[in-house]
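This report looks at how a protein chain packs its interior and how its metal ions are held. Please read it beside the sequence and the coordinates.

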Amino acid sequence: MRVVVIDEPGSVAVREFPDPEPGPGEVVIDVRACGFCGTDLHIFRGEYLGDYPVRPGHEAAGVVTSVGEDVEGLKGGDRVAIEPNIHCGTCDMCTSGRGNFCENWTAIGVTLPGCMAEKVLAPAGQVFAIGDLSFEAGAFMEPLSCVLHGMRKIEPLADEDVLITGAGPIGLLLLQLAKLRGAKNVTVTDLREARLQLARDLGADEAMPVSPSPLEGEGRGEGYLAGDPPHPNPLPPGERESKDVFDVVIDASGNVEAISETVDLARPGGKILWFGVAPRGETFPIEPFRVFRKGLAIHSAYTSLGNSTEAVELLSSGKIRVEPLISHRLPLEEFEHAAELIESDPDVLKVTMVP
Ligand SMILES: [Zn+2]
Ligand SMILES: [Zn+2]
């Protein structure tokens with residue numbers, strides 16, 4: 001079978017490997033679609049602390065081709081998606097409900113052979129039936145699971161005014177989920193008009209461009225609301241540094257300037273979710289008094305925790321739409337091209353690798 005192998009940072013090839021054989025409790029899956037994720041890019045560019053070579057790809061769906069002993073409920077021909085993060089279930093983190101920080105964590109496509117391959121081996125417990133959902137939609141089970149886990153931190157959202165900064169694939173998943181959870185208004189910002197139009201198509205109440213340097217100059221935050229603010233600002237005029245507008249502010253850009261601005265844009269009593277992954281080592285100044293004065297709750301979310309079944313349900317029901325998020329479908333041989341697209345093409349959204 002053909003397999004993408006990252007031998008070392010910046011060096012990738014497609015190689016022949018023997019087909020995997022399932023051991024007890026394992027299944028082999030014929031991969032039909034695998035999302036290209038920021039994690040794959042970080043591994044390729046050397047921003048990964050583990051060992052090389054790496055066989056990447058962890059957002060995948062396909063067809064079960066063989067099952068090992070002791071596998072129940074799965075058989076050849078089943079259409080499935082893969083949850084790549086494997087938790088041991090017995091360590092201190094796992095037994096205290098923090099399995100996403102498992103001390104013995106392994107992951108398909110990171111520490112274990114990945115899904116940018118014609119076939120992949122997976123423990124049966126990591127495999128979820130997707131029925132007649134398309135494979136490329138099924139490949140969104142993993143990123144949507146992460147979004148569900150993050151959203152859980154800031155729920156309930158009913159009747160809330162929500163701002164999402166960044167309309168990439170993750171921002172557009174967050175947008176749809178916020179609307180599903182009953183948010184009253186969802187505003188989305190991005191630098192690219194095509195993404196803003198897609199946000200409108202997917203249910204954003206407002207979608208507007210942001211300046212590339214939102215912290216420069218006077219009147220930051222001014223661009224976020226076309227009309228009157230939905231809430232009067234309860235802070236004394238001398239303390240109003242921005243419009244203090246949104247009940248919930250979610251950063252989906254990972255841009256440190258955008259993340260720093262979330263504190264200004266949340267209204268008193270508001271909730272903030274830093275979802276986008278910022279570059280390691282980047283920092284920004286923060287005024288704890290502002291956070292205190294506004295009583296803000298600042299959350300982050302790391303991977304996911306038991307969200308796969310709900311993710312498949314949302315995808316299968318069509319409540320979360322992902323086909324519009326796929327901008328490119330590429331063969332395994334185009335891994336490097338895919339990486340370059342994601343880094344430099346302003347029109348790229350999700351790149352799906354098709355083995
Ligand atoms: Zn991913
Ligand atoms: Zn564990």
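What follows treats the metal sites, then the cysteines, then the nonpolar cores of this predicted model.

**Metal sites**

The table sets out the two zinc ions with their protein donors.

| Ion | Protein donors | Distance | Spacing in sequence |
|---|---|---|---|
| zinc ion (ligand 1) | Cys37 (SG), His58 (NE2), Glu59 (OE) | 2.1 to 2.3 Å | C-x20-H-E |
| zinc ion (ligand 2) | Cys88 (SG), Cys91 (SG), Cys94 (SG), Cys102 (SG) | 2.3 to 2.4 Å | C-x2-C-x2-C-x7-C |

Around the zinc ion (ligand 2), the 4 donor atoms subtend angles of 102 to 118°, and the arrangement is therefore tetrahedral, since four donors count as such if all angles lie between 85 and 135 degrees. Of the residues that supply these donors, Cys91 and Cys94 are both buried, and Cys102 also counts as buried because its relative accessibility is 6%, the limit for that class being under 20%.

The zinc ion (ligand 1) is coordinated through a cysteine sulfur of Cys37, the NE2 atom of His58 and an OE atom of Glu59. Both His58 and Glu59 are buried. Because water is not among the atoms, a site of this kind may look incomplete.

**Cysteines**

How many disulfides does the model contain by the distance rule? The count comes to 0. Cys146, for instance, is in no disulfide, and the nearest cysteine sulfur, which belongs to the zinc donor Cys37, is 7.8 Å away, whereas a disulfide would require the two sulfur atoms to be within 2.5 Å. With a relative accessible area of 13%, Cys146 is buried.

**Nonpolar cores**

The largest nonpolar core holds 50 residues, and within it Leu144, Ile164, Leu172, Leu175 and Ile250 touch the most other members. Helix α4 (residues 141–154) provides the largest share of this core, namely 7 residues. The core also draws on two domains, with at least three residues from each of domain 1 (2–140 + 322–353) and domain 2 (153–300).

Ile164 illustrates the packing: once its neighbours within four places in sequence are left aside, Ile164 is in contact with Gly171, Leu174, Leu175, Val186, Thr187, Val188, Thr189, Ile250 and Ala252. Two of these partners, Leu175 and Ile250, are themselves among the residues that touch the most other members of the core.

Apart from the largest core lies another, of 37 residues, which includes Val4, Val64, Met116 and Leu332.

Methods:
Residues are numbered from 1 along each chain as its sequence is written. Chains are lettered from A and ligands numbered from 1 in the order in which they are written. This is a predicted model: local features need pLDDT of at least 70, side-chain atom pairs count only at pLDDT 80 or more; totals for chains, interfaces and linings use all residues. Side-chain values use heavy atoms; hydrogens and water are left out. A nonpolar core is a set of buried Ala, Val, Leu, Ile, Met, Phe, Trp, Tyr and Cys residues joined through side-chain atoms within 4.5 Å. Buried means under 20% relative accessible area, exposed over 50%, partly exposed in between (1.4 Å probe, protein chains only). Helices (H or I, at least four residues) and strands (E, at least two) are DSSP runs, numbered from the N terminus. Domain bounds come from an automatic or database domain assignment. Contact means heavy atoms within 4.5 Å. Donors are N, O and S atoms within 2.8 Å of the metal (3.2 Å for Na, K and Ca); water is not among the atoms, so sites may look incomplete. Four donors count as tetrahedral if all angles lie between 85 and 135 degrees; four count as square planar and six as octahedral if opposite donors are over 155 degrees apart and all others between 65 and 115; anything else is irregular.
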